[in-house]
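Please open the structure in your viewer and keep the sequence beside it. This tour goes from the whole chain to one small part of it, with something to select at each stop.

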Amino acid sequence: MDTMLKHNFQFQLQVSFIKEGDQYVAYIPALDLSTSSHTFKEAQKMAKEITDIFFDECIKKGVLEEVLRDLGWRKTTTSKGGWIPPQLVSQESMNIHLHL
């Protein structure tokens, strides 16, 4: 039986998509998860799948609350699902000068 059916979660997760060679990498900062595929559309699909797997496995192991807290999530009674993920406030390009 799928344990995700016992829980109702609803929240927005920010996902960054990065092109690395012929791969599209999907990175979900709020869960510190990444996955990749050869197409952008498939990377989007894989991001959803890995998120489902992440929550399902945490629930099965009984560690969901501990893991979410360690990732910076806040428990609330006002949000659907009871948790608020940390929000990405900026994603920038920075000039880096190394003196090696």
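Two residues are said here to be in contact when they have heavy atoms within 4.5 Å. With that in mind, select the whole protein, which is a predicted model, and consider its contacts with a separation of 6 or more: 33% of them come from residues 24 or more positions apart.

Next, switch to a cartoon view and follow the chain from its start, where you will find two helices and five strands, arranged along the sequence in the pattern β-β-β-α-α-β-β. The radius of gyration of the protein is 16 Å, well over the 13 Å that the globule rule gives for 100 residues, so the protein is more spread out than a compact globule. If you show the C-alpha atoms alone, they fill a box of roughly 50 × 30 × 25 Å along the principal axes.

Now turn on the surface, of which the protein exposes about 7,500 Å², with carbon and sulfur atoms supplying 52% of that area. Of the 100 residues, 26% count as buried. Colouring by charge will bring out 11 positive and 13 negative side chains, and the centres of these two sets lie 7 Å apart.

For the last stop, select residues 16-20, which form strand S1, together with residues 23-28, which form strand S2; these strands run antiparallel and are joined by five bridges. Within this pair, look for serine 16, which stands opposite tyrosine 27 in S2. Then move to the turn of the hairpin, where two residues lie between the strands and glycine 21 takes a positive phi near 60°.

How values were computed: Residues are numbered from 1 along each chain as its sequence is written. This is a predicted model: local features need pLDDT of at least 70, side-chain atom pairs count only at pLDDT 80 or more; totals for chains, interfaces and linings use all residues. Side-chain values use heavy atoms; hydrogens and water are left out. Helices (H or I, at least four residues) and strands (E, at least two) are DSSP runs, numbered from the N terminus. The radius of gyration is taken over C-alpha atoms; the globule rule is 2.2 Å times the number of residues to the power 0.38. Buried means under 20% relative accessible area, exposed over 50%, partly exposed in between (1.4 Å probe, protein chains only). Accessible areas come from the Shrake-Rupley method with a 1.4 Å probe; for residues, only the protein chains shown count as cover. Lys and Arg count as positive and Asp and Glu as negative; His and the chain ends are not counted. The place of a charge is taken as NZ of Lys, CZ of Arg, CG of Asp or CD of Glu. Two strands pair if DSSP finds at least two bridges between them.
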